[in-house]
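Work through the exercises below with the sequence and the structure at hand, and try each task before reading its solution.

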There are 2 protein chains.
Amino acid sequence: MSDHLTPEAPEALDASLEGGEDPAATKAQVFAAAERLFALHGFQNVSVRDITAEAGVNLASVNYHFGSKDALLFEIFRRRTGELNRERARMLHEANDRRGGNPPVREILEALFTPPLRWADPAHDRRVSVQFIIRARSEGTEEIRQALQNDVSHLARFAEALKTACPELTPETVYWRLHFVLGMAHNNRFMEFDRLHHLSGGLTREGDVAGLLKRMLDFAEAGFLAA
Amino acid sequence: MSDHLTPEAPEALDASLEGGEDPAATKAQVFAAAERLFALHGFQNVSVRDITAEAGVNLASVNYHFGSKDALLFEIFRRRTGELNRERARMLHEANDRRGGNPPVREILEALFTPPLRWADPAHDRRVSVQFIIRARSEGTEEIRQALQNDVSHLARFAEALKTACPELTPETVYWRLHFVLGMAHNNRFMEFDRLHHLSGGLTREGDVAGLLKRMLDFAEAGFLAA
DNA sequence: TCCGGGTTCAAACGACCGTTCGTCTCGACC
DNA sequence: GGTCGAGACGAACGGTCGTTTGAACCCGGA
């Protein structure tokens, strides 16, 4: 009941990219169209008819392949969240290896921030997935809310690493500051970027992902290490 | 077109609290019921029938008094956001007076963080309004999104104060860090609190608003003053 | 007393929703 | 060649939605 966010198998669903008439291509097309539309307009503002029209498939395909619209949302969410958590865990693992099991705060935060920012890089083509995850986290169904609240196992490792890196901080303080850091990581809505751009009179560049990562790390590291 | 968030008149709408049959009591009841239900379940998950049932009024009241469901949402949003911005501006003004026009970073951030946290205090009874604002910011209509993006005049004063307080930082850095700080202020969902509570094994107390404010200020101040 | 504007009310309208049904196509297998 | 099951398809079902309608109601002013 607590591992909803770590899918069991890779399931190369993205096989729809090859040219021919793949069997199960319909399912992949529905998956991709739904993720895109949910990310763009939100779950409630996208109808099953919108999805099937965008995918160029029959209306009944969603219920046939996924069971229901809710189940479709949850399956996309589960897959993308699993990928994100796995990338973060891998980076934390690498930092542990590099530093003999005691990486500094900055490298732990790097493992949290880098994966979603790398997805958001225009070079990669996963901006839709980031946007989808952020939307699903705040607008998702009760099932998603439950999964988010129960599945904290992947966060526990980060909390432990941070406690080790900051022995002078009480555990309570570590948890709160991890909470603030996660809020930063999941708050990068494009809407908010536009607002910042408008506020600063066009001073901030939006496409500079590497620069943004450095800015986020500078801020979060200093905040985490505050007296 | 840029001042949608600062309503022109106080309009003592909360007069529904007095016992008698007030004229215009229906409008106030609809307003209160809608704010409560929107904050609890989200805009799209609450129907006009839910609102009027909760308020104990006729179904047509929403359209009669507010024009449409969308307009009702926007009116609540405009009122609450206006109140919030006014409280923040007042606190910034007081800090300016205390410090001869050059308040330190911590007091500027205090003016940003304190109002929503004071509302969230169980002692006051405005937790619903905070929750509503947060929800409306992320799930709101296109009209709300436009208003949020266009109305940055109240933020400009905070940006100016922060630039004065931190002359060693480039304006670009100040804007980005203000962006991070605002993300913290608007990210205090109760959902996330529950998750933190679960992650820490019950270590964090949720009702301690004063303690939370200090924690947020410690983190944000250090982050803002990072090298 | 009658009038008229402001407000409430029950009822319905038309649109859209997620889902289901029965049928048809088509390729694999006996 | 015949059978079978998975999948695609058009069409419809039942329900809920926001909104509108037109009549009833209330009450202060002529």
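## Exercise 1: the surfaces near the DNA

Of the 18 residues around DNA strand C, those that come nearest are S47(A), S68(A), K69(A), T26(B) and N58(B). The model is a predicted one, and the solutions should be read with that in mind.

**Task.** Find which elements each supply at least two residues of the surface near DNA strand C, and describe that surface by residue class. Then do likewise for DNA strand D.

**Solution.**

Step 1. Start with the elements near DNA strand C: α2 (48-55) and α4 (69-98) of chain A, together with α3 (61-66) of chain B, each supply at least two residues of this surface.

Step 2. Sort the residues of the surface near DNA strand C by class, which gives nine nonpolar, six polar and three charged residues.

Step 3. Turn to DNA strand D, which 16 residues surround, the closest being T26(A), N58(A), S47(B), S68(B) and K69(B). Here α3 (61-66) of chain A, together with α2 (48-55) and α4 (69-98) of chain B, each give at least two residues to the surface.

Step 4. Sort the surface near DNA strand D by class as well: seven of its residues are nonpolar, six are polar and three are charged.

## Exercise 2: the two chains and their axis

**Task.** Describe the contact between chain B and chain A, and state what relation the superposition of the two chains reveals.

**Solution.**

Step 1. Count the residues on each side: 37 residues of chain B are in contact with 38 residues of chain A. On the side of chain B, two or more residues come from each of α6 (127-139), α7 (142-150), α8 (153-165), α9 (171-185), α10 (190-199) and α11 (209-224), and the largest share, nine residues, comes from α9(B).

Step 2. Divide the side of chain B that touches chain A by class, which yields 18 nonpolar, ten polar and nine charged residues.

Step 3. Superpose the copies: a turn of 180° with a shift of 0.0 Å along the axis lays chain B on chain A with an RMSD of 0.0 Å, and that is the relation of a two-fold axis.

Step 4. Locate the axis within chain B, where the C-alpha nearest to the axis belongs to G223(B) and lies 2.1 Å from it. The same surface serves both copies, since 100% of the contact residues of chain B recur in chain A.

## Exercise 3: two helix pairs across the interface

**Task.** For the pair α11(A) and α11(B), and then for the pair α9(A) and α9(B), determine how the helices pack and which residues meet.

**Solution.**

Step 1. Take helix α11 (residues 209-224) of chain A, which packs with α11(B) at an angle of about 130°, with the axes 7 Å apart; that makes α11(A) oblique to α11(B). The crossing of these two helices, α11(A) and α11(B), is right-handed.

Step 2. List the residues that meet: F219(A), A220(A), A222(A) and G223(A) in α11(A) with F219(B), A220(B), A222(B) and G223(B) in α11(B). By class, this contact of α11(A) with α11(B) has six nonpolar, two polar and no charged residues.

Step 3. Take helix α9 (residues 171-185) of chain A, which packs with α9(B) at an angle of about 110°, the axes being 9 Å apart; α9(A) and α9(B) are therefore roughly perpendicular to each other. The crossing of α9(A) and α9(B) is right-handed.

Step 4. List the residues of this second pair: F180(A), G183(A) and M184(A) in α9(A) meet F180(B), G183(B) and M184(B) in α9(B). The contact of α9(A) with α9(B) has four nonpolar, two polar and no charged residues.

Notes. Residues numbered from 1 in each chain as written. Chains lettered and ligands numbered in written order. Predicted model: local features only at pLDDT ≥ 70, side-chain atom pairs only at ≥ 80, totals over all residues. Near = placed C-beta within 6 Å. Helix = DSSP H or I, 4+ residues; strand = E, 2+ residues; numbered from the N terminus. Nonpolar A, V, L, I, M, F, W, Y, C, P; charged D, E, K, R; others polar. Contact = placed C-beta atoms within 7 Å. Axes fitted to C-alpha atoms, helices over the stretch in contact; angles between N-to-C directions. Parallel < 35°, antiparallel > 145°, perpendicular 65-115°, else oblique. Left-handed = near helix turned anticlockwise from the far one by under 90°. Least-squares fit on C-alpha atoms with pLDDT ≥ 70 in both.
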